[in-house]
Amino acid sequence: MNEEQELTVDDLVELEIGDVAHGGIFVARHSLGRVVFVSDALPGERVRARITEVRKRHARAATVEVLDASAERQEHVWPAASLDRAPEDRAGGAEFGHLLPSFGRELKRRVLADALSRFGGLDPEDRLIRELEVDALPGDDESRGTGWRTRITLHVDDAGRVGPFAARSHRVVDVDSLPLATPAIEQLALEQVRAGGRGSGRIDFASPADGSVRMRVLLDGREPRAAETLTERVHDHEFAVSEAGFWQVHRGAATALYDAVRDMVDPARFDPEAGNLDLYGGVGLFGVALAELGGPVTNLTSVEAVDAATELAARNLADWQYAAAVTGRVDRFLRALRDDADGAERAALRRGTVVLDPPRSGAGKPTIDGLAEIQPAQIVYVACDPVALARDVALVRERGYRPVRMRALDLFPNTHHLETVALFTRDAE
């Protein structure tokens, strides 16, 4: 056995912490030469950490003691996730809670810039990377990134314990606060924590635009009631949203993204009567943004794989008579367009604007290939994962488009997550 293989789980090691990596972890190198990804640390710190996982090329560790602290280190915003607890008992979902949201945004900027360079093929000196910033939402710095979650899930284990999962685990841990949730959700959720559960499963909490809190208990595979349809608001628009469906979690995220998508559209390339598409459209948030931009004559098709979401999107787009919502996989929908469109339809698609909001894994090659074949005038890409975005940037660039504008938003303070909105246009133009 060589030296490098001697590092084992539960070893305590001293590490000098380097820069941040994707996933809210930090890079260190053990004296034996192995790269170690460390949680609950900060760049420039020296920490004592416990090895939690060893793989062929790297290991993972959790900080148990800070020997030399960064000036950026703060008391953790959530005691249940702090160094006061053993690593296996720390609540997940606040991996940046030991720093201010402002420094969290800087770390997220570094991760996005690195991803665009390493996976997207952009030069580190490219204007998009040099000018990149991550914008806060109003009030988050003042509240230190608390009170923003309008939706949370607590889990119930076989013993009836109610709480969040531990970080990188499916084990329920005890908590006596939920600081990232809105105060109304926190109050009701903590009542359930104290009461305990009767069976295993989960409890979902949602607080729509009216400020009420809805709770759905799903234990032992049973749902006590059907999911309700909630009303959310963005500016003057009301959106019908399923209680069990997707909606942006941050209280201000839907409005911020709605505005970012509208602002990202190049008006010189936007033809309301062209073949405009809202792909991975959900309940139609970005479809409405595009339709409002184009006015009553806007021709738009919103495509979503989940039938229940498509039905709600049709309701939310009802004010635009030339808008439609269809159920289907995006890559198959694009392939059908390629095969079935006549000459006039192809011309309309080439003049069209596409809004693309794929899942965390990204759009991927089949969807990017489908877009390249219909050749829209512009693509507005909404991404919730920087590495997936960067990989798609590389695919899009290979197919004749270039990124011309990009904006990043911190919609998840005290976590490593961020949202990015990018505009791509054809190189030939």
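Which residue in strand 3 does V27 stand opposite? The partner of V27 is F37. The views below come from a predicted model, in which local features require pLDDT of at least 70, side-chain atom pairs count only at pLDDT 80 or more, and totals for chains, interfaces and linings use all residues. Residues are numbered from 1 along each chain as its sequence is written, and side-chain values use heavy atoms, with hydrogens and water left out.

**View A. Strands 1 to 5 form a closed barrel.** The five strands run in the order 1-2-3-5-4, with mixed pairing. On average, neighbouring strands of this sheet are turned by 50° against each other, direction ignored. Strand 2 (residues 25–29) and strand 3 (residues 35–39) run antiparallel and are joined by four bridges. Strands are DSSP runs of E with at least two residues, and helices are runs of H or I with at least four residues, both numbered from the N terminus; two strands pair if DSSP finds at least two bridges between them.

**View B. Helix 1 lies across strand 1 (12–21) and strand 2.** Helix 1 runs at about 75° to strand 1; axes are lines fitted to C-alpha atoms, for helices over the stretch in contact (heavy atoms within 4.5 Å), and angles run from 0 to 180 degrees between N-to-C directions. The 18 residues of helix 1 (residues 101–118) should span 26 Å at 1.5 Å a residue, and the end C-alpha atoms are 25 Å apart, which agrees. The expected span is 1.5 Å times one less than the number of residues. Among the buried residues of helix 1 are P101, F103, L107, V111 and L116; buried means under 20% relative accessible area, exposed over 50%, and partly exposed in between (1.4 Å probe, protein chains only).

**View C. F26 and F96 form a tilted aromatic pair.** The ring centres are 6.2 Å apart and the planes lie at 40°, so the pair is tilted. Rings of Phe, Tyr and Trp (its six-membered ring) pair if their centres lie within 6.5 Å; planes under 30 degrees apart count as stacked, over 60 as edge-to-face and the rest as tilted. F26 is in strand 2, whereas F96 is in the loop between strand 5 (58–68) and helix 1, 70 residues apart. F26 is buried at 0% relative accessible area, and F96 is buried at 4%.

**View D. S242 is a buried residue in strand 12 (residues 237–242).** Its relative accessibility is 18%. The side chain of S242 reaches the backbone nitrogen of A244 at 3.1 Å.

How values were computed
Polar contact = N/O pair within 3.5 Å; in protein donor to acceptor, adjacent residues only side chain to side chain.
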